[in-house]
Amino acid sequence: MLLKENGLKKLRVNKKRFIYLISPNKIKKSFYSNLKDVLSSNLVSFFQLRLKQYSLIEKKKIGIKVKKICRRKKVKLIVNDDPVLAKKIGADGCHLGQNDMNIKRARKIFKNKIIGITCHNSKKLIRHAVKDGANYIAIGSFFKSKTKKVNYIAKPSLISWAKRFSKLPVVIIGGITSKNFRKLLLHKPDFLAISGGIWGKKPTKAIREFL
C-alpha cells in the first residue's frame with residue numbers, strides 16, 4: 001500500500017514479510033512452481049523480475065505469468081530497469097539503476113506506481129533519490145555476490161544513516177544468505193533483497209532458512 005507523507009509516496013512496511021525476492025538470471029521450466037512455493041512462505045513482500053538476457057517479447061510473456069502468481073500470493077511485482085514494460089504487464093512498480101531512466105521521467109510513464117532506486121553505498125545518491133520522489137531506496141552490496149559483479153561495498157552503518165535521514169523504506173542487497181542476514185537485521189533495514197540465497201539452492205527449502 002502507498003501512503004502520503006511529507007509530499008512523498010511511502011510504502012507501508014510489513015515487518016513479517018521482510019524479503020524482497022529477485023528472480024534468477026535464467027527462467028527454467030521449474031521456476032514457476034518453485035516461485036509459487038517460495039511465495040507461499042509468507043516471507044516475501046516484493047518480487048523483482050530482473051531479466052537481462054531476454055528479448056522484450058520474452059520478458060513480457062514471463063512477466064504476465066509471474067504477475068498472476070504474485071497476485072494470488074499478494075506479493076507486489078517490480079520490474080527491473082524498464083518502466084514501459086512494467087506498465088505494459090501491469091506490474092506494481094519498477095526498479096531503476098543509476099544508469100537507467102531517471103525517476104522524474106519514469107514517473108511520467110508509471111504515474112503513482114512504486115519506483116525504487118539503486119543508491120549503491122552513496123549518501124549523495126540517497127539524498128537525490130529522496131528528493132526526486134523515490135518510493136524506496138536500495139543500498140549495497142554488503143557481501144560478495146554470485147548473482148552479479150560487485151562494484152560497490154556498503155557498510156552496515158549506512159543502513160542506520162539512511163533510516164535516520166529519510167522515512168523511505170530501505171532495501172539492502174548483495175550476497176545476502178541465510179548465514180549472514182541476521183547481522184544486517186540488527187541495523188533494522190526494511191527489506192532484504194535476495195536472489196542467489198534462494199535460487200542457488202533448492203528454493204522451497206532455502207526460503208525456510210530465513211524463518
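1. One cut-off before anything else: a residue counts as buried when its relative accessible area is under 20%, and as exposed when that area is over 50%. Histidine 120, at 19%, therefore falls on the buried side. Keep in mind that this is a predicted model, so treat the notes below as a reading of that model.

2. Let's stay with histidine 120 for a moment. The residue has a positive phi of about 55 degrees although it is not a glycine. Its place is the loop between β7 and α5, the helix of residues 123-132. So you have a buried residue here, with a backbone angle worth a look in your viewer.

3. Now put lysine 111 beside it. Here too phi is positive, about 55 degrees, and again the residue is not a glycine. Lysine 111 sits in the loop that runs between α4 (103-110) and β7 (114-118). Buried or exposed? Lysine 111 is exposed, because its relative accessible area comes to 52%.

4. There is also a cis peptide bond to check. It joins glycine 140 and serine 141, with omega at about 15 degrees. Serine 141 belongs to the loop between β8 (136-140) and α6 (157-165).

5. Strand β8 also holds isoleucine 137. This one is buried, since its relative accessible area is 0%. What does isoleucine 137 touch, once neighbours within four places in sequence are set aside? The contacts are Ile117, Cys119, Ile126, Ala129, Ala162, Leu168, Pro169, Val170 and Val171. As for arginine 127, it is 10 residues from isoleucine 137 in sequence, and the two C-alpha atoms are 9.9 Å apart.

6. Leucine 185 is found in helix α7, which covers residues 181-185. It counts as partly exposed because its relative accessibility is 33%. From leucine 185 to isoleucine 172 the C-alpha distance is 9.9 Å, with their positions 13 residues apart in sequence.

7. On to the packing. The largest nonpolar core has 59 residues, and Leu21, Phe47 and Val66 have the most contacts inside it. Helix α1 (residues 31-39) gives the most to this core, namely five residues. Another core lies apart from it, with 10 residues, including Ile78, Ile114, Phe191 and Ala193.

8. Phenylalanine 47 deserves its own entry. Beyond its neighbours within four places in sequence, it is in contact with Leu21, Ile22, Ser23, Phe31, Leu35, Val66, Cys70, Val75, Lys76, Leu77, Ile78 and Trp199. Leu21 and Val66 appear among these contacts, and both are named with phenylalanine 47 as having the most contacts inside the largest core.

9. Stepping back to the whole chain: the secondary structure comes to nine helices and 10 strands. The radius of gyration is 16 Å, which agrees with the value near 17 Å for a compact globule, because that is what 211 residues would give. Along the principal axes, the C-alpha atoms fill a box of roughly 40 × 40 × 30 Å. Of the 211 residues, 50% count as buried. Take the contacts between residues at least 6 apart in sequence: 59% of them join residues at least 24 apart.

10. Last, the surface and the charges. The protein exposes about 11300 Å², and carbon and sulfur atoms supply 52% of that area. How many charges of each sign are there? There are 52 positive and 10 negative ones, and their mean positions are 3 Å apart.

Technical notes: Residues are numbered from 1 along each chain as its sequence is written. This is a predicted model: local features need pLDDT of at least 70, side-chain atom pairs count only at pLDDT 80 or more; totals for chains, interfaces and linings use all residues. Side-chain values use heavy atoms; hydrogens and water are left out. Helices (H or I, at least four residues) and strands (E, at least two) are DSSP runs, numbered from the N terminus. The radius of gyration is taken over C-alpha atoms; the globule rule is 2.2 Å times the number of residues to the power 0.38. Buried means under 20% relative accessible area, exposed over 50%, partly exposed in between (1.4 Å probe, protein chains only). Contact means heavy atoms within 4.5 Å. Accessible areas come from the Shrake-Rupley method with a 1.4 Å probe; for residues, only the protein chains shown count as cover. Lys and Arg count as positive and Asp and Glu as negative; His and the chain ends are not counted. The place of a charge is taken as NZ of Lys, CZ of Arg, CG of Asp or CD of Glu. A nonpolar core is a set of buried Ala, Val, Leu, Ile, Met, Phe, Trp, Tyr and Cys residues joined through side-chain atoms within 4.5 Å.
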